[in-house]
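Please open the structure in a viewer and keep the selection tool at hand. The tour below proceeds by stops, each with something to select.

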Amino acid sequence: MPRIFVASPDLGLPSRFLEISPELTLARLKFHIFSSQTLIRTPTLDSLYFSLNGRPLADSSTLSSANVSSSSVLTVRLRLYGGGGDGGATGAESRDCYLNMYAVKKPDKADPNETRLSRWTTCALSAEPFAPPCVIDRIGNIFNKESLVEALLHKRLPKEFGHIRRLKDMIPIILSPVADAGGVEVKFQCPISGLELNGKYGFVAIKGCGHVLSLKALKEVKSSACLVCHKEFSDLDKVVINGSPEEVAVLRERMEEERGRLKEKKEEKCVSGLTGMKHGADEKPEKLENGRKDRIGKRFKAVDIAPVNATKEVYASIFTSSRKGDFKETYSCRSLPLGRN
């Protein structure tokens, strides 16, 4: 009869050495081992199974059919059942689903305080710290001028800054640095109230002079002139920096109105220019000092200002070339008119 070892690491029982028949089923062997009255706390037999070298064995198989030879080690394991609300596997999950659950990294949520601070301390285009000279656009975004001009020249502006088309769409601003500010990065503040540009307070830039002032300073000191350089300005000259969506919408509407007015002026200028040059026949010609009439809208001719005793054709030849009809050309040379017949 073969001799086998039976180990029970999950149950905490000592290993046993048994001599059994090879035709004995594993179910009978399990009943023989755990039928002792001393194993009161042992789980039911259905929750136990044998494994050989990590391979589970069916209870209905015999030792010979399961290839259990002499000196083999049978291990008793606990059968775990899932799907009962105990956190175990239901059998429906695959290994790929389990791995993909941890493989897909969820995006980190941006800290709103960090996002707010970055808008007030870094360039809206390059995300680099403010490095004067700085500019703002018509809706209140702050840029490092060098980064914005370079992107504008190379046509690399993002779509969100498509309203910036030329240098005139930039408004130069003057940022006041914080005196004796610790740290590597330079911080900026309102030169009147001393409030720092960190997103906690509202700021405006004045178009005429470019000074950046806090709303609190303008509210406490009511004046129609800049509090730094005393240059006069109107409410339309104030541009809210990093304003709310409602304030940005107002600034964008104002920008479109200004562009519409400029376009109308340019069209009127073009129309007036055409009226003065080509369609001037309706206007009455004015007399010049020499008694001649000013031919408005007609092409300038030298004969119109020829002296009184001068021959018009000779005088005009000073400013124009001779007529081509007077030349006679051959295949090898051109004859020059030496005289007239």
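A disulfide is a pair of cysteine sulfur atoms within 2.5 Å. The model on display is a predicted one.

**First stop: the cysteines**

Please select Cys226 and Cys229 and display their side chains. Why is there no bond from the sulfur of Cys229? The closest cysteine sulfur, in Cys226, is 3.7 Å away, and a disulfide requires the two sulfur atoms to be within 2.5 Å, so the separation is too far for a bond. With 34% relative accessibility, Cys229 counts as partly exposed.

The structure as a whole holds zero disulfides. Add Cys209 to the selection: this residue is in no disulfide, and its nearest cysteine sulfur, that of Cys226, lies at 3.6 Å. Is Cys209 buried or exposed? Its relative accessibility is 18%, and because buried means under 20%, Cys209 counts as buried.

**Second stop: the largest cavity**

Next, select Arg138, Lys207, Val239, Leu251, Arg254, Met255 and Glu258, which line the largest cavity. The space inside this cavity is about 50 Å³, and the count of cavities of 30 Å³ or more comes to one. Which element gives the most to the lining? Helix H6, spanning residues 245-277, does so with four residues. By class, the lining of the largest cavity comprises three nonpolar residues, four charged residues and no polar ones.

**Third stop: the second largest pocket**

Keep Arg138, Met255 and Glu258 selected, since they are also among the residues that line the second largest pocket. To complete this lining, add Arg165, Arg166, Lys168, Asp169, Arg259, Leu262, Lys263 and Lys266. The pocket holds about 360 Å³ of space. How many charged residues does its lining have? There are nine, together with two nonpolar residues and no polar ones.

**Fourth stop: Thr62**

Finally, clear the selection and choose Thr62. Where does Thr62 lie? It is found in the loop that runs between strand S4 (55-57) and strand S5 (73-78). Thr62 has 15% relative accessibility; it counts as buried because this value is under 20%.

Display Ser64 as well: the side chains of Thr62 and Ser64 are joined by a polar contact of 3.2 Å. Then add Pro22, Glu23, Leu24 and Thr25, which Thr62 touches when residues up to four places away in sequence are not counted.

Note on methods
Residues are numbered from 1 along each chain as its sequence is written. This is a predicted model: local features need pLDDT of at least 70, side-chain atom pairs count only at pLDDT 80 or more; totals for chains, interfaces and linings use all residues. Side-chain values use heavy atoms; hydrogens and water are left out. Helices (H or I, at least four residues) and strands (E, at least two) are DSSP runs, numbered from the N terminus. Buried means under 20% relative accessible area, exposed over 50%, partly exposed in between (1.4 Å probe, protein chains only). A polar contact is a pair of N or O atoms within 3.5 Å; within protein, one must be able to donate a hydrogen and the other to accept it, and residues adjacent in sequence count only if both atoms are side-chain atoms. Contact means heavy atoms within 4.5 Å. On a 1 Å grid over the protein atoms alone, a cavity is a set of points where a 1.4 Å probe fits but cannot get out, and a pocket is an open set with protein on both sides within 12 Å along at least five of seven lines; lining residues have an atom within 4 Å of a point. Grid points are joined across faces, edges and corners, and a volume is the space filled by probe spheres set on the points. Ala, Val, Leu, Ile, Met, Phe, Trp, Tyr, Cys and Pro count as nonpolar, Asp, Glu, Lys and Arg as charged, and the others, Gly among them, as polar.
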